[in-house]
Amino acid sequence: MRYLSATFVSIAGLVLAAGSLAQDLVLDCSVKRTDPDGSQYEFVRRLELTFDSSTVAFYDNFGRGFDFSDRYRFVRADAYKIQLRNDQEAISYVDRTDGNYFFKRDDGMVIRGNCVARKAGAVTKF
């Protein structure tokens with residue numbers, strides 16, 4: 001009986017820990033922006049996801065530190081993809097299997113790159 005109680009407590013602890021990791025996820029993405037005229041530049045985009053409220057905040061760093069860019073509700077999240085945006089103006093997502101970030105605006109501007117998790121415990125799979 002003690003063994004079962006200890007096992008239950010251990011599993012409950014893991015579930016609670018996993019739940020708290022899913023509450024807030026911070027991703028730093030090394031990205032390249034390509035404008036419709038072909039010009040390109042690289043920067044770091046930070047995504048701060050809050051799953052409780054389904055919101056994402058964007059911060060961009062062009063070499064002078066992170067500046068707030070935007071915040072809105074994201075579309076959905078599952079085990080494979082976090083769909084940040086999908087409307088007439090833009091499509092944006094993070095692929096949870098390989099960490100790829102993709103954003104495309106209706107005017108042809110594209111941002112893409114690779115993301116890594118900043119929080120401990122969420123480095124390999126987010």
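Colleague: What makes you say that the charged end of Arg46 sits over the ring of Phe66?

Modeller: A charge sits over a ring if NZ of Lys or CZ of Arg is within 6 Å of the ring centre and within 35 degrees of the ring normal. The charged end of Arg46 is 3.9 Å from the centre of the Phe66 ring, and Arg85 is placed over Tyr72 at 5.8 Å. Do keep in mind that this is a predicted model, where local features need pLDDT of at least 70, side-chain atom pairs count only at pLDDT 80 or more, and totals for chains, interfaces and linings use all residues. Residues are numbered from 1 along each chain as its sequence is written, and side-chain values use heavy atoms, with hydrogens and water left out.

Colleague: Happy with that! Why is Tyr72 called buried or exposed?

Modeller: Buried means under 20% relative accessible area, exposed over 50%, partly exposed in between (1.4 Å probe, protein chains only). Tyr72 has 18% relative accessibility, so Tyr72 counts as buried. With 4%, Phe58 is buried too.

Colleague: And why is the pair of Phe51 and Phe74 called edge-to-face?

Modeller: Rings of Phe, Tyr and Trp (its six-membered ring) pair if their centres lie within 6.5 Å; planes under 30 degrees apart count as stacked, over 60 as edge-to-face and the rest as tilted. Phe51 and Phe74 are 5.8 Å apart centre to centre with 75° between the planes, hence edge-to-face.

Colleague: What is the pair of Phe58 and Tyr72 called, then?

Modeller: Tilted, with 5.4 Å centre to centre and 35° between the planes.
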